[in-house]
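Please look through the sequence and the three-dimensional view below before reading on. The paragraphs that follow go from the chain as a whole to a few chosen residues.

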Amino acid sequence: MSQGPPSVYHEQQRLELCAVHALNNVLQQRLFSQEAADEICKRLAPDSRLNPHRSLLGTGNYDVNVIMAALQGLGLAAVWWDRRRCDPGHCVTPLSQLALPQVLGLILNLPSPVSLGLLSLPLRRRHWVALRQVNGIYYNLDSKLRAPEVLGDEDGVRAFLAAALAQGLCEVLLVVTKEVEEKGCWLRTD
């Protein structure tokens, strides 16, 4: 683990455990391990020889179902932010309507370049990244970063989200309490 700004928890990438790191980073403590994620996979597909929720090699690469089940086990929820909300041609609900004070954190699934040492390959894999506010400042807690990256205030996190969504193939999960999920108050109605 790296030390970023004081009191910001940040795990760095190990194996293909970005989903585990994203969960721990968004929750700001080590609550999940590879073993815990593997147990969730077994619960999700108990009769499956080849578990569809993780890498065949057993090195991680967990899917969204593992993240959602992990959060549900803590009494939290993951709300999918439909990127079509932000498409300028179909802007039903722009990012400005996102009620960030009601959101504990965000987990993004982004395309990530593949490399072997110094050699970059023309491939992209999926990578989980956490964004979280700590002491009034939003941070990019990507496990591939050496330290948390300051995004700033709500405008900074909205700009980061807009840029990520504009690249396409980005999925955004809002981590919220069950109450916020049920009331739908992660969106502003004004």
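**From the whole chain to one spot**

Starting at the N terminus, the elements of the chain follow the order α-α-α-β-β-β-β-β-α-β-α, and in total there are five helices and six strands. The model you are looking at is predicted, and every value given here should be read with that in mind.

It helps to take the chain as a whole before turning to single residues. The chain has 190 residues, of which 46% count as buried, and the chain exposes about 10,300 Å², with carbon and sulfur atoms supplying 54% of that area. If we consider the contacts between residues at least 6 apart in sequence, we find that 59% of them join residues at least 24 apart.

Helix 1, which covers residues 18–27, is a good place to look next. Because 10 of the 10 residues of helix 1 are buried, this helix is largely enclosed by the rest of the structure. The buried residues of helix 1 include Cys-18, His-21, Asn-24 and Leu-27, and just after the helix comes Gln-28, which takes a positive phi of about 65°.

Which residues does UniProt list for "active site"? The UniProt record, an unreviewed entry, gives Cys-18, His-127 and Asp-142 under that name. They span 125 residues in sequence, yet no two of their C-alpha atoms are more than 9.1 Å apart, and therefore they gather at one spot.

We can now follow two of these residues in turn, beginning with Cys-18, which is found in helix 1. Is Cys-18 buried or exposed? Its relative accessibility is 5%, and since buried means under 20%, Cys-18 counts as buried. When its neighbours within four places in sequence are left aside, Cys-18 is in contact with Gln-13, His-127, Trp-128 and Ser-143, and among these partners is His-127, which the UniProt record also lists for "active site".

Asp-142, by comparison, lies in a loop, namely the one between strand 4 (137–140) and strand 5 (149–152). With a relative accessibility of 14%, Asp-142 counts as buried. Leaving aside its neighbours within four places in sequence, Asp-142 is in contact with His-10, His-127, Val-129 and Ala-130. One of these contacts can be described in finer detail, for the side chains of Asp-142 and His-127 are joined by a polar contact of 2.7 Å. Taken together, His-127 is in contact with Cys-18 and also with Asp-142.

Technical notes: Residues are numbered from 1 along each chain as its sequence is written. This is a predicted model: local features need pLDDT of at least 70, side-chain atom pairs count only at pLDDT 80 or more; totals for chains, interfaces and linings use all residues. Side-chain values use heavy atoms; hydrogens and water are left out. Helices (H or I, at least four residues) and strands (E, at least two) are DSSP runs, numbered from the N terminus. Buried means under 20% relative accessible area, exposed over 50%, partly exposed in between (1.4 Å probe, protein chains only). Contact means heavy atoms within 4.5 Å. Accessible areas come from the Shrake-Rupley method with a 1.4 Å probe; for residues, only the protein chains shown count as cover. UniProt positions are given in the numbering used here, feature names are shortened, and annotations may be inferred rather than shown by experiment. A polar contact is a pair of N or O atoms within 3.5 Å; within protein, one must be able to donate a hydrogen and the other to accept it, and residues adjacent in sequence count only if both atoms are side-chain atoms.
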